[in-house]
Amino acid sequence: MINKNEKATNLLKGAIYINANTSEPCRLVKIVPCEGVWLENSFGDGYGDTVAFEDVFYADRDEVTDFLEDLEVANDNTKVKL
């Protein structure tokens, strides 16, 4: 469950946050001034969809680890195997 006290401020591109709309950890890809941010999950979904600033929350250590593990799996699945 997302803790509303953990709303993210001072956002950093490349950092992992929680998208309150999907409740999943996502990497911040772009900050759109006065509108929100673009977040993408470990499989690249969500890129280009603007998420309001108030829907971005800090991820805890476990959520960041989950994102990184899923990213590793996604990258392994997209490599060309000869």
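A search of the whole structure, which is a predicted model, finds two aromatic pairs. A pair of this kind is described by the distance of the ring centres and the angle of the planes. In one of the pairs, the rings of Y17 and Y58 have their centres 6.2 Å apart. Their planes stand at 40°, so the pair is tilted; the tilted class lies between the stacked limit of 30 degrees and the edge-to-face limit of 60. The pair links distant parts of the chain, since Y17 belongs to strand 1 (residues 16–19) and Y58 to strand 5 (residues 56–58), 41 residues apart. The two partners differ in cover: Y17 has 3% relative accessibility and counts as buried, whereas Y58 has 37% and counts as partly exposed.

The other pair is made by W38 and Y47 and is edge-to-face. Here the distance is 5.2 Å centre to centre, with 70° between the planes. The ring of W38 has a further partner in K30, whose charged end sits over that ring, 5.0 Å from its centre.

These elements can be placed in the overall fold. The protein has five strands and one helix, and from the N terminus on the order is β-β-β-β-β-α. Of the contacts with a separation of 6 or more, 39% join residues 24 or more positions apart. Of the 82 residues, 30% are buried. The exposed surface comes to about 5600 Å², and carbon and sulfur atoms supply 49% of it.

What makes up the largest nonpolar core? This core has nine residues in all: A8, L11, Y17, C26, L28, V37, L39, V51 and V56. At least two residues of this core come from each of strand 2 (24–32) and strand 3 (36–40). A second, separate core has seven residues, including I18, A59, F67 and L71. Y17, already met in the tilted pair, is thus a member of the largest core.

Two members of the largest core show how its parts come together. L28 is located in strand 2 and is buried, with a relative accessible area of 1%. Apart from neighbours within four places in sequence, L28 is in contact with L11, L12, K13, G14, A15, Y17, V37, W38 and L39. One of these contacts, W38, is 10 residues away from L28 along the chain, and their C-alpha atoms are separated by 6.1 Å. With the same neighbours within four places left aside, V37 is in contact with L11, L28, K30, I31, V32, D49, T50, V51, F53 and V56. Among the contacts of V37 is K30, the residue whose charged end sits over the ring of W38.

Burial also reaches residues outside the nonpolar set. N19 lies in strand 1 and has a relative accessible area of 7%, which makes it buried because the limit is under 20%. N19 and F57 are 38 residues apart in sequence, yet 6.6 Å apart in space, C-alpha to C-alpha. S42 is placed in the loop between strand 3 and strand 4 (50–51), and S42 too is buried, at 7%. Which residues does S42 contact, leaving aside its neighbours within four places in sequence? They are F67, D70, L71 and A74; F67 and L71 are also among the residues of the second core.

The cysteines give a contrast. C26, a member of the largest core, is buried at a relative accessible area of 2%, while C34 is exposed at 81%. The structure holds zero disulfides; a disulfide would require a pair of cysteine sulfur atoms within 2.5 Å.

C34 also stands out in its backbone. Most residues other than glycine have a negative phi. In C34, however, phi is near 65°, a positive value, and this residue is found in the loop between strand 2 and strand 3. S23 is a further case: S23 is not a glycine, but has a positive phi of about 60°. The location of S23 is the loop between strand 1 and strand 2.

Notes
Residues are numbered from 1 along each chain as its sequence is written. This is a predicted model: local features need pLDDT of at least 70, side-chain atom pairs count only at pLDDT 80 or more; totals for chains, interfaces and linings use all residues. Side-chain values use heavy atoms; hydrogens and water are left out. Buried means under 20% relative accessible area, exposed over 50%, partly exposed in between (1.4 Å probe, protein chains only). A nonpolar core is a set of buried Ala, Val, Leu, Ile, Met, Phe, Trp, Tyr and Cys residues joined through side-chain atoms within 4.5 Å. Helices (H or I, at least four residues) and strands (E, at least two) are DSSP runs, numbered from the N terminus. Contact means heavy atoms within 4.5 Å. Accessible areas come from the Shrake-Rupley method with a 1.4 Å probe; for residues, only the protein chains shown count as cover. Rings of Phe, Tyr and Trp (its six-membered ring) pair if their centres lie within 6.5 Å; planes under 30 degrees apart count as stacked, over 60 as edge-to-face and the rest as tilted. A charge sits over a ring if NZ of Lys or CZ of Arg is within 6 Å of the ring centre and within 35 degrees of the ring normal.
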